[in-house]
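This briefing walks through one protein model, from its sheets and strands to its helices. The sequence and structure come next, and the notes follow by topic.

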Amino acid sequence: MGIKAWIKKVLPDDTIVQMKSLLERRNNKRMCQKAADIRPYDREKYPFGINLIGDIKAETGLGQSMRILAGIPFCIIQIDSPGGLAHSDRQWEHRISETASYGINLIHINPNIWAETYVRFPESLLDGRYQIAYWLWELEEFPKEWVPCIRTVHEIWAPSEFICESIRAVTDKPVAAIPYRLEEMDGAAYQRQHFGLPEEKFLYLMMYDFKSVSERKNPKGALEAYKKAFPQEQEDVGLIIKVNHVKGSQELQLLKKELQAYKNLYFITDNLSRSEVESLIAQADVLISLHRSEGFGLPMAEAMMMETPIVCTNWSATTEFMDSTCACLVDYQLVTLEKRIGPYPKGSRWADADTDQAALWIRKLYEEKTFYAQMAAAGKK
């Protein structure tokens, strides 16, 4: 048993929250002390371009969101994320540098670890440079304990207005929505056989990461909706469950136990390359995401581009690039968190998707070929 698991087992939740709060205050104090000593931005000191700072190798949504930002002269400063994330993506390795060459830092490190990471930055990486934070966050309210992080930057970017609105409520500094640039993807690079998937079945796909907070991704909601859609398993229908960072997790075994009556299940637990992930989404017939909240929803956008229809919670940032004409949107109720869950504070709100309605959409996409074709084409358009 690891130290984190041991702490969760022996200490009450309130005590753990208090310990985290004390640690955050200490890190914030050290961060602000360092920020006060950083030399102001000097436009003439460095050539124009961006030092892209973060964990570009990580096989996570956060890593992918960093990889698709590049567009002007830049170099990459690799900063490994805490927690032992897989680093199998090497596509930008040739641009990683030991030295920051340009005058603008675009720092892709989320505010929950910003303070502890910032204090480890060498002053040469910060002095005289323009600091832009690119932050992801998934709820309506920006946590008050992260507000001090804003002092260390000149402006903040985020991929959606949903995130920007939460940050604008706590700062007068510039906050800009800079959505991801999505390019055409080669969903045919790998066929179903590569993943051990049957060619003849109608396959649904759900994806999440054990390093993320599964309560937000809500895989149990997706499973519940799938079982309601198909209370009796059908021979020509199956479900793909793609899970990252599964090592040491008991949750996968619980999922398998919950679905033990179903045979047409296909668990993929390897950390796939970016090309493989794109192909998996394209090879599926439908993507299900009954998330409770999203800061952007990159897998849903990618699925739409590759004409894979989606069944998706009708709340948060995903609604900025989809509506009822191009996605099977699921109604919800906003619920209040009764305790802290991961980085999400007690008292926050997120959506609880209607699994009965989701089940109707899941079934409709399978049964009505004309409707399926309409949603696939409209999603890509």
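In this predicted model, strand β4 (residues 130-134) runs parallel to strand β5 (residues 155-158), and three bridges pair the two. Across that pairing, Tyr134 sits opposite Trp157 of β5. The protein as a whole holds 13 helices and 14 strands.

**Overall make-up**

- The protein has 381 residues, of which 54% are buried.
- Among contacts with a separation of 6 or more, 68% join residues that are 24 or more positions apart.
- About 18500 Å² of the protein is exposed, and 50% of that area comes from carbon and sulfur atoms.

**The sheet that holds β4 and β5**

- β4 and β5 belong to an open sheet of six strands with parallel pairing, in the order β2-β1-β3-β4-β5-β6.
- The edges are β2 (74-78) and β6 (175-177); each has a single partner strand, so each has one side without a neighbour in the sheet.
- From one strand to the next, the twist averages 25°.
- Helix α6 (residues 161-168) packs on this sheet and touches β5 and β6. The direction of α6 makes about 170° with that of β6.

**Pro143, in the loop between β4 and β5**

- The loop between β4 and β5 contains Pro143.
- Is Pro143 buried or exposed? Its relative accessibility is 4%, and buried means under 20%, so Pro143 counts as buried.
- Beyond its neighbours within four places in sequence, Pro143 contacts Trp137 and Pro345.
- Pro345 is 202 residues away from Pro143 in sequence, yet the two C-alpha atoms are 7.3 Å apart in space.

**The sheet that holds β7 to β12**

- Another open sheet has six strands in the order β9-β8-β7-β10-β11-β12, and its pairing is parallel.
- β9 and β12 (328-330) stand at its edges with a single partner strand each, so one side of each lacks a neighbour in the sheet.
- The twist here averages 20° from one strand to the next.

**Strand β8 and its partners**

- Eight of the eight residues of β8 (residues 237-244) are buried, so the rest of the structure largely encloses this strand.
- Val237, Leu239, Ile241 and Val243 point one way from β8, while Gly238, Ile240, Lys242 and Asn244 point the other way; all are buried.
- On one pairing, β8 joins strand β7 (residues 202-209) in the parallel sense over eight bridges. Tyr204 stands opposite Leu239 of β8, and Tyr208 has Val243 of β8 as its bridge partner.
- β8 also pairs in the parallel sense with strand β9 (residues 265-268), over four bridges. In that pairing, Ile240 stands opposite Tyr266 of β9.

**Strand β11 and its partner β10**

- Both faces of β11 (residues 310-313) are covered. Ile310 and Cys312 on one side are buried, as are Val311 and Thr313 on the other.
- Strand β10 (residues 286-289) pairs with β11 in the parallel sense over three bridges.
- Within this pairing, Leu287 has Ile310 of β11 as its bridge partner.

**Helix α10**

- Helix α10 (residues 274-283) is mostly covered, with eight of its ten residues buried.
- Which residues of α10 are buried? They are Arg274, Glu276, Val277, Glu278, Ser279, Leu280, Ile281 and Gln283.

**Helices α12 and α13**

- α12 lies across β7, β8, β10, β11 and β12, and runs at about 165° to β12.
- The axes of α12 (residues 355-367) and α13 (residues 369-380) come within 6 Å of each other and cross at roughly 105°. Angles of 65 to 115 degrees count as roughly perpendicular, so α12 is roughly perpendicular to α13.
- The α12 side of this contact is made by Trp361, Lys364, Leu365 and Glu367. The α13 side is made by Lys369, Phe371, Tyr372 and Met375.
- By class, the contact between α12 and α13 has five nonpolar, three charged and no polar residues.

Note on methods:
Residues numbered from 1 in each chain as written. Predicted model: local features only at pLDDT ≥ 70, side-chain atom pairs only at ≥ 80, totals over all residues. Heavy atoms only, no water. Buried < 20%, exposed > 50% of the residue type's maximum accessible area, 1.4 Å probe, protein only. Contact = heavy atoms within 4.5 Å. Areas by Shrake-Rupley, 256 points an atom, 1.4 Å probe, with all protein chains shown as cover. Axes fitted to C-alpha atoms, helices over the stretch in contact; angles between N-to-C directions. Parallel < 35°, antiparallel > 145°, perpendicular 65-115°, else oblique. Nonpolar A, V, L, I, M, F, W, Y, C, P; charged D, E, K, R; others polar. Pairing = 2+ DSSP bridges.
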